[in-house]
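Reader: I have a protein model open and would like to go through its pockets and its sheet. May I put some questions to you?

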Amino acid sequence: MSFAAAPPAPSTARLVPAIAERHAELVAWRRDLHAHPELGYAEERTSRVVAERLAAFGLDPDVGLAKTGVVATIQGRAPGPAIALRADLDALPMPEENTFAHASKHPGRMHACGHDGHTTMLLAAARHLAEHPDFAGTVHVVFQPAEEGGAGGRVMIEEGLLDRFPAEQVFGLHNWPALPAGEMAVHAGPVMAAADLFVITVEGRGGHAAMPHQTRDPIIGGAQLVSALQTLVSRTVDPTDPAVLSVTAFNGGSAHNVIPSRVELKGTVRTFSPAAQDAIEAGMKRLTAQICAGLGLEGRVDYRRTYPATVNTRDEAELAARAAARVVGAERVHRHLPPSMGGEDFAFMLRARPGCYVWLGTGAGPDSPPLHHPRYDFHDAMLPVGASYWVSLVETRLPLSA
Ligand code: NI
């Protein structure tokens, strides 16, 4: 494996020297994970590699929360509060189109969200903190499975994460290619949206397309619903409160001359506030029932709330912004970027404890592929920056008294 292509970290960043010196090693760790992507709850190799590295740092990793989760505890030189730092382990079920040496060796799986980078940065921080426990308190490093739709964060909490590893505050990080490398974003309040899924089934009566009066045409009902559902965002949600409703599948029918007996619509709803979420769910059920009833059809809504909104608490956001400023400079820490309508299961940890989830800018120019793109690759230059942020956060939150 060659590391020659790894670009240097931005010269403006003030890195932890001992981390910056081992940049090439971090690149090797990250590319090894990238080449071996594993899906949610099946991150067995990844989990083993993480646990072996933590053990090599002299830590005593716990493996098995949410199947493949790994947690290790680092004690500072002095007593103090406990905090948790979290990274995610899983990859996506999609083929990779990159052809470089560290491209996925597993067809149909890809680290297209940079969780390989997140895992590497937290490992690098864990090694540094284990070697230099210059803080007053306890740091739990949490490597979580199944972020991509599997709610691994929720499962870790349900299985006792915060009882076994009590933390007063929780912190997360995601790489953000839309933000230039060397910049960070810290939100006080919502940062990622609640992500809900819906399936609407419209039942009618099938028949001959030339004799529609003998049928109850579910395609007409489905089509009217697609349009009407858009009024939920424009007419039931406060216009200053962002919301998205996307119908992403419309399935039904098979022949030119047959009216089918049912169609199925699928899609997603993204919101930040419980008020918007409740209004859309209730409105979808109302419109489906009444539009279908008006057309002599039967409509059914299966509405599932998956990830809640990811909402940072104000004090922890201030703390994270100070820690980020120590690494990238205060002028490169954005405090007022609009939140993303993407979903994130760190939301579950933030519902259990105060904390902050930050964005680490990893954009490498206008052509750098976005998250979940088949040619995405984590920006290796940013490994020491993210790892230094974690160390800065620990030293900011848990300072040793002079
Ligand atoms: Ni992700």
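Reader: Which strands each supply at least two residues of the lining of the largest pocket?

Author: Please keep in mind that this is a predicted model. The strands are β5 (169-180), β8 (194-203) and β13 (298-307).

Reader: What is the volume of the largest pocket, and which residues lie nearest its centre?

Author: The volume of the largest pocket is about 360 Å³. Its lining consists of 19 residues, and those nearest the centre are Glu 147, Glu 148, Arg 270, Gly 343 and His 372.

Reader: How do the residues of that lining divide into nonpolar, polar and charged?

Author: Eight are nonpolar, seven are polar and four are charged.

Reader: Where does the largest pocket lie with respect to the domains?

Author: It lies between domain 1 (17-190 + 310-397) and domain 2 (194-307), because both domains give residues to its lining.

Reader: Let us turn to the sheet. In what order do its eight strands come?

Author: The order is β1-β2-β4-β3-β5-β16-β6-β15, in an open sheet with mixed pairing. At the edges stand β1 (62-65) and β15 (333-334); each has a single partner strand, so one side of each has no neighbour in the sheet.

Reader: What holds paired strands together in general?

Author: Strands of a sheet pair through backbone hydrogen bonds, in either a parallel or an antiparallel sense.

Reader: In which sense do β3 and β4 pair, parallel or antiparallel?

Author: Strand β3 (residues 78-88) and strand β4 (residues 136-144) are parallel, and their pairing extends over eight bridges. Within this pair, His 140 in β4 has Ala 84 opposite.

Reader: Which strands does helix α3 touch?

Author: Helix α3 (residues 44-56) packs on the sheet and touches β1, β2 (69-75) and β4. The direction of α3 makes about 15 degrees with that of β2.

Reader: And which strands does helix α4 lie across?

Author: Helix α4 (residues 115-131) lies across β2, β3, β4, β5 and β16 (355-363), and runs at about 160 degrees to β3.

Reader: A change of topic: how many cavities of 30 Å³ or more are found in the whole structure?

Author: The search finds one, and the space in this largest cavity is about 40 Å³.

Reader: Which residues line the largest cavity?

Author: The lining is made of Ala 18, Ile 19, Arg 22, Leu 26, Ala 124, Arg 127 and His 128. Two elements, α1 (17-20) and α4, give two or more residues to it. The largest share, three residues, comes from α4. By class, the lining has four nonpolar residues, one polar and two charged.

Methods:
Residues are numbered from 1 along each chain as its sequence is written. This is a predicted model: local features need pLDDT of at least 70, side-chain atom pairs count only at pLDDT 80 or more; totals for chains, interfaces and linings use all residues. Side-chain values use heavy atoms; hydrogens and water are left out. On a 1 Å grid over the protein atoms alone, a cavity is a set of points where a 1.4 Å probe fits but cannot get out, and a pocket is an open set with protein on both sides within 12 Å along at least five of seven lines; lining residues have an atom within 4 Å of a point. Grid points are joined across faces, edges and corners, and a volume is the space filled by probe spheres set on the points. Helices (H or I, at least four residues) and strands (E, at least two) are DSSP runs, numbered from the N terminus. Ala, Val, Leu, Ile, Met, Phe, Trp, Tyr, Cys and Pro count as nonpolar, Asp, Glu, Lys and Arg as charged, and the others, Gly among them, as polar. Domain bounds come from an automatic or database domain assignment. Two strands pair if DSSP finds at least two bridges between them. Contact means heavy atoms within 4.5 Å. Axes are lines fitted to C-alpha atoms, for helices over the stretch in contact, and angles run from 0 to 180 degrees between N-to-C directions.
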